[in-house]
Every structure is written in C-alpha cells, then in structure tokens.
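Ready to practise reading a protein model? Work through the exercises below one step at a time, with the structure open beside you.

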Amino acid sequence: MRIILYLGKGGVGKTTVSASTATAIARSGKRVLIMSTDVAHSLADALGAELSSTPLEVEKNLFAMEVNVLAEIRENWTELYSYFSSILMHDGANEIVAEELAIVPGMEEMISLRYIWKAAKSGSYDAVVVDAAPTGETMRLLGMPESYGWYSEKIGGWHAKAIGFAAPLLSKFMPKKNIFKLMPEINEHMKELHGMLQDQSITTFRVVLNPENMVIKEALRVQTYLNLFGYKLDAAVVNKVLPASSNDQYLQSLIDMQAKYLRVIENCFYPVPIFRAKQSSKEVIAPDRLFELSQEIFNGKNPIDVLYSNAKTQTLEKINGKYVLSLYLPNVEVEKLAVNIKGDELLVDINNFRKSIILPNVLVGRKTEGADFEQGTLNITFTN
Ligand SMILES: Nc1ncnc2c1ncn2[C@@H]1O[C@H](COP(=O)(O)OP(=O)(O)OP(=O)(O)O)[C@@H](O)[C@H]1O
Ligand SMILES: [Mg+2]
C-alpha cells in the first residue's frame, strides 16, 4: 500500500499531476483512490466527473473522492461543533459568526487526515493519492499528527476549564455524549498515520513547481518543512515547461527565463530526481489526457514506485545547545565552499554550483558559526 502526496504553491498543477499519477497507476492494473483535501476542489474538473465524499470509480481501478470538510463537521461532529458555537454565542457572537468560529483550529486538518488514514487502512486500494491544498494549509495538515497529542490536550483542558468556571451557565449547552472520550481513539489513529507518513516504503511526498522564482522558493520551503517533520521528498515535478525554442521573440525570452530557473531547480533539489511536464496547448482534463501527461512526466517509470529513496536531504538537530543544519550532497567534491544568509534564505556555493534553502523559522535571524563537509554531508552550525 502506498500513499502519494503532492504539494506545492497554488496553481502550479498539483491537481493535474495528482490526477495524472492516479490515472497511470490505475491503468497499470492497480487499484487507486485519489482524494482531494483542498476545500476549493478542482479534482472533479480535472477528471471530468462529479465527485463526492464517497469514492466514485471513474474508470476501471480509478476511484476518486472530494472530502468536504465543512459538511463533514456539520454532519459528524455536530456535538463538538454545536458545543463550541453555543459557548461563542453565549459570549455574544451572532449565530453565523459563532458557527464559523466554532470550527476549532486544526479540526479541518484532523478530518482530512482521518480520511487519509481510513483509506490507507481500508485494504481496498494499492495506492492513495492525495491532492492537497496549497503549501501553507498542507503544512499545517502534515504537522498535525505530531502535534495532535498537544492539540487534544488543549481542547480537553479548555473543556475542563469551562466546566470548572462556568458549569451552571454551560450545562444546558453541554454535549449529551462525551465527545472528549473520542479524543484518545483519534490520538491512536494519528500516531499510526504519523508512522505511515514517516515510512518511506509507504508514503511518498512530491513537490510540484513551475520554473519561476517565487514558485521555486515555495517548493524549497516545502522541502525544508517536510524534512523537519521527518517526511522525505522522492521527486520534484516541474510543470508547465515551455518548448525548447521559438521563432517568436516574446516567447523566446520566456523560454530563456525558464531555462535559467530550470538550472536553479536542478541544483536546489539535487539529489532528488526531477521530472518535467510541458505546458500543453490543450486543456489537460479527463483520464485519457491525464494518462498522456503521466507518460510524459514519468517517462517509463511507474509513479506508484518510490522514485528516490534515502532522500535525506536536510536535517536539523540541536547539538550541545546549538542548531546544526545538515545537507546531504552525495558525490559532490568540495573545493570552494561559501555559505551566506539572505533573509530567510541560505545560499550554499560549492565550486560553481549554488544551492539555496529556505530556513525554518527557528533559524531565521541567526548567524552561521561554521560549516564543514564530511562524508557527503555539509553541516552548518548556527549561533545561539
Ligand atoms: N502541463 C499543463 N499544461 C497546460 N495546462 C496545465 C498544465 N498543468 C496544469 N494546467 C492547468 O493549470 C491550471 C492549474 O492547474 P491545477 O488545478 O492542477 O493546479 P493546482 O496546483 O492544483 O492549483 P490549486 O492550488 O488552485 O489547487 C488548470 O487550469 C490546469 O488545467
Ligand atoms: Mg488543486
């Protein structure tokens, strides 16, 4: 069983590449479920099918669903939801505002994750492909399994306080069944899912990007955060690549700019493999076109496979009270090495190859104290 998650900035082609991957897997004879956890769904448009939160077999072996988190909260989590909205209404918020606010932070992520967990555990699929929301939201989603214990404790704590201080006032709003009893059970599921997400033989993270400056930065941020959570990237898919050359001057200048950024991508993601998809002049919708695109991207490889293992690209550790960022750069001979920080970016120049990394928040504003290169790993120490 494999879980494949595509991440990246808004509009880069996550839905298209996810749907394309799922179609290729289905046509290789494996049962696959593609699931969209994005609130703004477009998976249905990409597949040309009407989707709901029940998996639909779009074609043989290809199942698709769109998780509607808000509807899910209303239907299945009414107790928790109405409990919080009553507290808020009691505090003077109007009903609609209270309903909006009652969606406890983290709840949407938790529900999406439970869907992934359920699909992965169902035994019905060989692969679950997740078409996720743009980076920020998805990073919250992926950080959730680790922080869930803290999260449920916080909600539990809030609950206990509410009972302690305002029992008489709140008693009429209290949920009948103790929904807080559910928390430990969900905690177990989250722990299990966390283990699955960290297991490279089960879960594969891929980033989708375009050859554009801002998009690359966001993709690097994805890589940094994945590494921090202990998740590994096994491929980068560069989508919307223009043809090699053109007679049109305007188009040629765009092509030249892309060529520059394609080189940046090659350096920055090394040693993770990079796959490319051309900007198509036709819309990429419905399974046949999506399948064609998958052939172009994966070029003979089956996207259900782990495309790169040992993708230990970055690690951050605290050694003797100091942060040490380690970058894995196999097969690199270091003659000249320079490390510079520019804002939240770390620029590493090795010989005439430049790699840039987006620093995790904890390192922003710190200076580097030293860098050494040992057994294919560059270790950078930061000041306190
Ligand atoms: N290789 C391609 N050639 C041409 N059009 C493409 C290609 N890839 C994606 N598109 C189009 O670009 C638009 C955005 O793609 P898509 O919806 O897959 O991106 P996304 O990253 O999922 O966006 P969002 O962040 O909004 O979910 C869509 O209209 C899609 O059809
Ligand atoms: Mg999308």
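## Exercise 1: Two unusual phi angles

Asn 320 is exposed, with 6 other C-beta atoms within 10 Å. A residue is called buried if 20 or more other C-beta atoms lie within 10 Å of its own, exposed if 12 or fewer, and partly exposed in between, with C-beta atoms placed from the backbone. Before going on, note that this is a predicted model: local features need pLDDT of at least 70, side-chain atom pairs count only at pLDDT 80 or more, and totals for chains, interfaces and linings use all residues. Residues are numbered from 1 along each chain as its sequence is written, while chains are lettered from A and ligands numbered from 1 in the order in which they are written.

Task: Is Lys 240 buried or exposed? Set Lys 240 beside Asn 320.

Solution.
- Step 1: Count neighbours. Lys 240 has 20 other C-beta atoms within 10 Å, so Lys 240 is buried.
- Step 2: Locate both residues. Lys 240 is found in strand β7, and Asn 320 sits in the loop between β9 (314-319) and β10 (322-328). Helices (H or I, at least four residues) and strands (E, at least two) are DSSP runs, numbered from the N terminus.
- Step 3: Check phi. Lys 240 has a positive phi of about 65° although it is not a glycine; for Asn 320, also not a glycine, phi is positive and near 50°.

## Exercise 2: Helix α10

Task: Which residues of α10 are buried, and what span should the helix have?

Solution.
- Step 1: Work out the span. The expected span is 1.5 Å times one less than the number of residues. For the 21 residues of α10 (residues 249-269) this gives 30 Å, and the end C-alpha atoms are 30 Å apart, which agrees.
- Step 2: Find the buried residues. They are Gln 258, Ile 265, Cys 268 and Phe 269. These cover an arc of only 75° around the axis, which puts them on the same side of α10; the arc is that of the directions from the helix axis to the C-beta atoms.
- Step 3: Look at the other face. Turned away from the buried side are the exposed residues Gln 249, Ser 253, Asp 256 and Lys 260.
- Step 4: Continue along the chain. Pro 271 lies in the loop between α10 and β8, and a cis peptide bond with omega of about 5° joins Tyr 270 to Pro 271.
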